[in-house]
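Hi everyone, thanks for coming. Please have a look at the model on the screen, and then I'll walk you through a few things I picked out.

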Amino acid sequence: MPVLTGTWSVGVAVGAFLLAAVVIAFTGSRLALVVDRLADRSGLGEAIAGAVLLGGATSLAGLVVSIVAAASNEPSVAISNSVGGIAVQTAFIVVLDVAYRGVNLEHAAASITNLFSSLLMITLLATAVLGAAAPPTTLLGVHPATMILVLIYGYGLRISRQINEEPMWRPRITQDTSVDEPEDPAEGEGVSALWGRFVMLAVVVALSGWVIGRAGLSLVAATGLSGTLVAVAFTSVATSLPELVTGLAAVRAGALTLAVGGIIGGNTFDTLFIAASDVVYQEGSLYAAMVPSDLFAIGWTMLLTGILGAGLVRRQQWRIGFEGVAILVLYVAGLVVLSVMG
């Protein structure tokens with residue numbers, strides 16, 4: 001049975017959408033502070049905590065949107081909400097570049113873990129494309145590509161932890177490089193209390209995602225806009241606000257590696273939206289339901305991620321490097337193309 005049992009009017013949908021977006025943004029600002037403290041108290045480090053804890057928690061709203069869409073027989077919304085979130089969050093890194101009053105953020109927040117996460121993300125997106133091109137075979141209603149996505153993601157997290165603990169090479173430290181050094185814990189602040197706050201904030205983000213998912217599907221039904229366009233231009237942007245807010249909060253707190261790691265880690269987690277959506281999609285293989293605009297969105301996102309990875313390797317010291325400008329230009333260009341494709 002579809003999750004969306006009834007559509008809202010345009011006015012209700014827009015109001016609910018905006019209210020949920022505000023809640024997500026407010027909650028995201030609190031998440032950054034909690035995860036920064038957990039990174040220090042638990043010994044995870046900013047890169048791992050950003051990729052796993054902050055990235056996963058801030059992505060919960062988008063995950064709920066994709067699941068709601070897939071269960072409601074809107075595969076394009078489910079798919080494009082995932083990759084659209086990755087695209088806009090990649091563009092958010094350029095916004096953080098502007099907010100950081102120093103050198104290029106990719107230079108200052110040098111991290112082999114963040115670079116590996118970019119490569120992992122491209123691998124996951126490529127797996128989704130291969131799934132779309134492969135025969136629509138399913139096992140217990142799930143396409144083999146979904147199982148491969150989950151396995152690659154799990155293996156990638158394991159390798160990320162190994163790289164963080166025993167890196168085979170390190171970025172060159174310059175006077176502008178921000179080094180991840182644990183801060184002294186606040187008096188009376190226990191790890192258990194921090195975990196409790198983290199879980200509570202994550203639940204609020206997830207519930208807000210359900211509201212945005214239902215509002216987005218109502219807009220598709222009421223306006224006749226394509227699911228891909230609504231997902232890329234609206235739902236993915238709203239559910240990505242935590243990444244922007246937490247990134248800005250982390251930059252202001254001087255946790256630069258956490259800021260970049262939270263976005264890149266969230267992007268990597270976002271690829272699992274496709275796997276989760278395939279599990280709940282009841283009309284066969286989700287990959288077989290991909291339309292040209294969905295495939296364009298995936299390729300566009302892979303391009304943006306590749307440019308970001310190049311920036312992390314190149315580490316320009318300009319305020320906003322060439323890669324940052326290229327990401328912004330290509331992000332806007334991609335939105336224009338998708339609006340034309342419908």
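Let me start with a definition: the expected span of a helix is 1.5 Å times one less than its number of residues. Keep that in mind for helix 9, which covers residues 227-239. A straight helix of 13 residues would span 18 Å, but helix 9 spans only 16 Å between its end C-alpha atoms. Where does helix 9 bend? The bend is at Ala-233, and its angle is about 25°.

Now, is helix 9 enclosed by the rest of the structure or not? It is largely enclosed, because 10 of its 13 residues are buried. Among those buried residues are Gly-227, Leu-229, Val-232, Thr-235 and Thr-239.

Let's step back to the whole protein. Remember that this is a predicted model. The protein has 14 helices and 0 strands, so to speak an α after α after α when you read along the sequence. Of its 342 residues, 56% are buried. And if you take the contacts with a separation of 6 or more, 85% of them link residues 24 or more positions apart.

Finally, the outside. The accessible surface comes to about 14,000 Å², and 67% of that belongs to carbon and sulfur atoms. Which residues make a nonpolar patch there? Val-10, Val-14 and Leu-18 do, and their patch is about 230 Å². If you want to find Leu-18 on the screen, look in helix 1, residues 10-42.

That's my tour, thanks for listening!

Key:
Residues are numbered from 1 along each chain as its sequence is written. This is a predicted model: local features need pLDDT of at least 70, side-chain atom pairs count only at pLDDT 80 or more; totals for chains, interfaces and linings use all residues. Side-chain values use heavy atoms; hydrogens and water are left out. Helices (H or I, at least four residues) and strands (E, at least two) are DSSP runs, numbered from the N terminus. Buried means under 20% relative accessible area, exposed over 50%, partly exposed in between (1.4 Å probe, protein chains only). Contact means heavy atoms within 4.5 Å. Accessible areas come from the Shrake-Rupley method with a 1.4 Å probe; for residues, only the protein chains shown count as cover. Patches are made of residues with over 30% relative accessible area and no salt bridge: like charges are joined within 9 Å, nonpolar side chains (Val, Leu, Ile, Met, Phe, Trp, Tyr) within 5 Å. A salt bridge is a side-chain nitrogen of Lys or Arg within 4 Å of a carboxyl oxygen of Asp or Glu. The bend at a residue is the angle between axes fitted to the seven residues ending there and the seven starting there.
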